[in-house]
Amino acid sequence: MRDNGWPAERIDTESAHSARIYDYIIGGKDYYPADKEAGDAMAREWPALPIHMRANRDFMNRAVRYLAEEAGVRQFLDIGTGIPTSPNLHEIAQAVAPDSRVVYVDNDPIVLTLSQGLLSSTPEGKTTYVEADMRDPAAILGAPELRDTLDLGKPVALTVIAIVHFVLDEDDAYGIVNRLLEPLPSGSYLAMSVGTADFAPEEVGRVAREYAARDMPMRLRTEAEAARFFDGLELVEPGVAQVHKWHPDARSTEGIKDEDIAMYGAVARKP
């Protein structure tokens, strides 16, 4: 057992996992040799991969700060949380508004094992963790932890960061996002980043083949396909853009070329 009481034997350390590959590439410490091998192989195919992954993380930070500071959102539902990496979503939101409340959702046992890093809420706010698969929105929305933390009568920001490219067409990524949005009231927001091969098709295609070879097939989407996730919503300027171009700051654009980034990002309001 881990010291937080979760069974470590649930973690498959022999096979690479997308969350741990991501953690390795952005400089984390919660990965295993299989994840390092996979990350190194992918970076050989596309040396810009670390730049791309860090830009995605920076987009999440800026989007959450916008939602808390400018949109006034105080409730967040984060799907596909991944391994805790400071600043985590609740740290960003609660730095703006200490009473912010956050529900994290993931189905990877290592995220569950490390979830104490996601539960260090301010006294005024609250964070909780739901172990569930995003392909089962009913289980997420019906989780007692969610209902005890969020008031679905008030606006909620649904954040779906760097995960839908692992949802294939047969699993209906658009339908999943719509079902998660459906019970959220007017004034709620959707923030997403969506994997694409639009800017470096050959290199990103090779990375996708490395994922697929490790039983992690990907569905990369065009700009038009990424925009479909926001149908019926009011896009915040600049709309759907490469993640480093969404509300950029000096850090997000310095030395980054468009072909280094394989992710669209956007934030939109539910009318």
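Leaving aside neighbours within four places in sequence, which residues is Lys154 in contact with? Keep that in mind while you get oriented. The model on your screen is predicted.

**Whole chain**

Show the full chain as a cartoon. You should find 11 helices and eight strands. The C-alpha atoms fill a box of roughly 45 × 45 × 40 Å along the principal axes. The radius of gyration is 17 Å, which agrees with the value near 18 Å for a compact globule of 271 residues.

Switch to a surface. The accessible area comes to about 11500 Å². Carbon and sulfur atoms account for 49% of that area. Of the 271 residues, 55% are buried. Contacts reach far along the sequence: among those between residues at least 6 apart, 74% join residues at least 24 apart.

Colour by charge. There are 28 positive and 45 negative charges, and their mean positions are 2 Å apart.

**Stop 1: Lys154**

Select Lys154, in the loop between helix 7 (144-149) and strand 4. Here is the reply to the opening question: beyond its sequence neighbours within four places, Lys154 is in contact with Gln75 and Pro185. Now add Ile83. Lys154 and Ile83 are 71 residues apart in sequence and 28 Å apart in space, C-alpha to C-alpha.

**Stop 2: strand 1**

Gln75 leads you to strand 1, so select the whole strand: five of its five residues are buried, and the rest of the structure largely encloses it. Turn on side chains. Gln75, Leu77 and Ile79 point one way, while Phe76 and Asp78 point the other way. Both sets are buried.

Next, add strand 2 (residues 101-106). The two strands run parallel and are joined by five bridges. Look for Asp78, whose bridge partner in strand 2 is Tyr104.

**Stop 3: Ile79**

Stay in strand 1 and zoom in on Ile79. How buried is Ile79? Its relative accessibility is 0%, so Ile79 counts as buried. Not counting residues up to four places away in sequence, Ile79 touches Val105, Met134, Ile140, Leu158, Thr159, Val160, Ile161, Ile163 and Leu180. Draw a distance to Val160: the C-alpha atoms are 5.2 Å apart, although 81 residues separate the pair in sequence.

**Stop 4: helix 8**

Leu180, one of the residues touched by Ile79, takes you to helix 8. Select residues 173-181. Seven of the nine residues in helix 8 are buried. They are Ala173, Tyr174, Gly175, Ile176, Val177, Leu180 and Leu181. Which elements cover them? The cover includes strand 1, helix 6 (137-141), strand 4 (157-161), strand 5 (189-195) and helix 10.

**Stop 5: strand 8**

Move on to strand 8 (residues 263-269). Six of its seven residues are buried. Now bring up its pairing partners in turn.

- Strand 5 runs antiparallel to strand 8, with seven bridges. Met192 stands opposite Ala266.
- Strand 6 is also antiparallel to strand 8, with two bridges. Glu234 has Arg269 as its bridge partner.
- Strand 7 pairs antiparallel with strand 8 through two bridges. Ala241 has Gly265 as its bridge partner.

**Stop 6: backbone oddities**

Hide the side chains and look at the backbone. Most residues other than glycine have a negative phi, and most peptide bonds are trans. Four places in this chain are worth a look on that score.

Select Ser86 and Pro87. The peptide bond between them is cis, with omega near 0°. Pro87 sits in the loop between strand 1 (75-79) and helix 4 (89-96).

Select Glu237 and Pro238. This bond is cis too, with omega near 10°. Pro238 lies in the loop between strand 6 (234-235) and strand 7 (241-242).

Go to Asp215, in the loop between helix 9 (201-213) and helix 10 (223-227). Asp215 is not a glycine, yet its phi is positive, about 65°. Is Asp215 buried or exposed? With 71% relative accessibility, Asp215 counts as exposed.

Finish at His247, in the loop between strand 7 and helix 11 (250-253). Its phi is also positive, near 45°. His247 has 28% relative accessibility and so counts as partly exposed.

Terms used:
Residues are numbered from 1 along each chain as its sequence is written. This is a predicted model: local features need pLDDT of at least 70, side-chain atom pairs count only at pLDDT 80 or more; totals for chains, interfaces and linings use all residues. Side-chain values use heavy atoms; hydrogens and water are left out. Helices (H or I, at least four residues) and strands (E, at least two) are DSSP runs, numbered from the N terminus. Buried means under 20% relative accessible area, exposed over 50%, partly exposed in between (1.4 Å probe, protein chains only). Contact means heavy atoms within 4.5 Å. The radius of gyration is taken over C-alpha atoms; the globule rule is 2.2 Å times the number of residues to the power 0.38. Accessible areas come from the Shrake-Rupley method with a 1.4 Å probe; for residues, only the protein chains shown count as cover. Lys and Arg count as positive and Asp and Glu as negative; His and the chain ends are not counted. The place of a charge is taken as NZ of Lys, CZ of Arg, CG of Asp or CD of Glu. Two strands pair if DSSP finds at least two bridges between them.
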